[in-house]
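Notebook open, coffee poured. I want to go through this fold piece by piece and jot down what I look up.

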Amino acid sequence: MSVSYKKLWKLLIDKDMKKKDLCEKAGISPASVTKMGRNGHVTTEILLKICTALDCGIEDIMEIIPSEK
């Protein structure tokens with residue numbers, strides 16, 4: 001299984017925000033956003049900060065992609 005943050009990037013576009021704006025508003029580092037850009041793993045604390053800053057749920061910023069067999 002893998003994680004996709006495509007929903008987050010679409011939400012930022014809808015809110016007319018840049019990744020830099022997300023870092024400032026959520027209080028997260030650019031390195032965390034870079035990891036997410038590569039669909040890497042970040043802590044639940046980072047995800048919580050993003051959800052709080054964007055006033056959304058976890059399902060609005062990420063999805064789990066099942067592995068193909």
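Below are my entries, from the whole chain down to single residues.

**Entry 1: ground rules.** I am working with a predicted model, where local features need pLDDT of at least 70 and side-chain atom pairs count only at pLDDT 80 or more, while totals for chains, interfaces and linings use all residues. Residues are numbered from 1 along each chain as its sequence is written, and side-chain values use heavy atoms, with hydrogens and water left out.

**Entry 2: the whole chain.** I looked up the elements and found 4 helices and 2 strands. Helices here are DSSP runs of H or I with at least four residues, strands are runs of E with at least two, and both are numbered from the N terminus. Read from the N terminus on, the order is β-α-α-α-α-β.

Next came size. The radius of gyration is 12 Å, which agrees with the value near 11 Å for a compact globule of 69 residues. That radius is taken over C-alpha atoms, and the globule rule is 2.2 Å times the number of residues to the power 0.38. I also noted the box that the C-alpha atoms fill along the principal axes: roughly 40 × 20 × 15 Å.

Of the 69 residues, 38% are buried. I use buried for under 20% relative accessible area, exposed for over 50%, and partly exposed for in between (1.4 Å probe, protein chains only).

Contacts (heavy atoms within 4.5 Å) came after that. Among those with a separation of 6 or more, 62% are between residues 24 or more positions apart.

**Entry 3: helix α2.** Which residues of α2 are buried? I wrote down Leu22, Cys23 and Ala26. They span an arc of only 100° around the axis, which puts them on the same side of α2. The arc is that of the directions from the helix axis to the C-beta atoms. The buried residues pack against α1, α3 and α4. On the face turned away from the buried side I found the exposed residues Lys20, Glu24 and Lys25. Just after the helix, Gly27 has a positive phi of about 70°.

**Entry 4: helix α3.** This one covers residues 30–37, and its buried residues are Ser32, Val33 and Met36. Their arc is only 100° around the axis, so they sit on the same side of α3. Their cover includes α1 (6–14), α2 (19–26) and α4 (44–54).

I stopped at Ser32, since a serine among the buried residues caught my eye. Ser32 counts as buried because its relative accessibility is 12%. Leaving out residues up to four places away in sequence, Ser32 touches Val42 and Ile46.

**Entry 5: helix α4.** Here I listed Ile46, Leu47, Ile50, Cys51, Ala53 and Leu54 as buried. Down the axis of α4 they fall within an arc of 165°, so they line one face of the helix. What covers them includes α1, α2 and α3. The face turned away from the buried side carries Thr44, Leu48 and Thr52, which are exposed.

**Entry 6: positive phi outside glycine.** Asn39 is not a glycine, yet its phi is positive at about 55°. I placed Asn39 in the loop between α3 and α4. Is Asn39 buried, partly exposed or exposed? At a relative accessible area of 34%, Asn39 is partly exposed.

Asp55 goes on the list too: it is not a glycine and has a positive phi of about 55°. Asp55 comes just after α4, in the loop between α4 and β2. With a relative accessible area of 71%, Asp55 is exposed.

**Entry 7: Ile64.** I found Ile64 in strand β2 (residues 63–65). Is this isoleucine buried or exposed? Ile64 is exposed, because its relative accessible area is 55%. Not counting residues up to four places away in sequence, Ile64 touches Met1 and Ser2. I also checked Ile64 against Glu45: they are 19 residues apart along the chain, and their C-alpha atoms are separated by 18 Å.
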